[in-house]
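Subject: Structure for you to look at

Dear colleague,

Please find below the structure that I am handing over to you. My notes on what was found in it follow underneath, with the terms explained as they come up.

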Amino acid sequence: MTTSKPTFHVDPYERNWLILSAVMLVVFIGAVSVAGYALGIQVPGPEQRVDPNTVATDPNSPWSSPGLREIVPGERYDAYILARIWRFDVSPDPAIRDLEVPLGATVTFYVTSMDVQHGFVLENTNLNVQVVPGQVSSLTVTFDTPGEYNFICHEYCGSGHAVMFGRLIVK
Ligand code: CUA
């Protein structure tokens, strides 16, 4: 009686597809790593939860007095922005639609909504988030190029959606 050694046979087509799948996994992990660590692309996620009914009025809420906070003069700023139908509050004075930061400033944006779902996109940056009532959307951007950066609401939020915009000035 002879004992035959079991052989592990893989069809060449199957083997090639397995190899290709493994190579694609490595490429995708590399692409995500380069995007996250080298290019600084961030995936927006809810930073914290707030009550949309009181976020604009509670004196302990930073959005009751929206606008810039200087953390390190000339270098680091926090920007609290309140989205509402149909404008972005960037100051306690609703007539003000512009934010201004010095060249080279790193700004962390905290955006939330007090009513319906909005969007917030800042041109020429990777800042592009949904603004969901009850959640805070946050991303950090460093401004190394002077100029005017328009921001707009890019999720349809009603009849005034098209006039929901503002400006960040870097100089
Ligand atoms: Cu707010 Cu569209």
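Two strands pair if DSSP finds at least two bridges between them, and strands themselves are DSSP runs (E, at least two residues), while helices are runs of H or I with at least four, numbered from the N terminus. This is a predicted model, in which local features need pLDDT of at least 70, side-chain atom pairs count only at pLDDT 80 or more, and totals for chains, interfaces and linings use all residues. Residues are numbered from 1 along each chain as its sequence is written, and side-chain values use heavy atoms, leaving out hydrogens and water.

With that in mind, 5 strands form an open sheet of mixed pairing, in the order β5-β11-β10-β7-β8, and its edge strands, β5 and β8, each pair on one side only. β5 and β11 run parallel and are joined by 4 bridges, and valine 101 stands opposite valine 170 in β11.

The largest nonpolar core (buried Ala, Val, Leu, Ile, Met, Phe, Trp, Tyr and Cys residues joined through side-chain atoms within 4.5 Å, where buried means under 20% relative accessible area with a 1.4 Å probe, protein chains only) has 27 residues, of which Phe109, Phe120, Leu122 and Phe143 touch the most other members. β3 gives the most to this core, with 4 residues. A second, separate core of 7 residues includes Val55, Trp63, Leu82 and Tyr110.

Finally, helix α1 is followed by glycine 40, whose phi is positive, near 75 degrees.

Best wishes

Technical notes. Buried means under 20% relative accessible area, exposed over 50%, partly exposed in between (1.4 Å probe, protein chains only).
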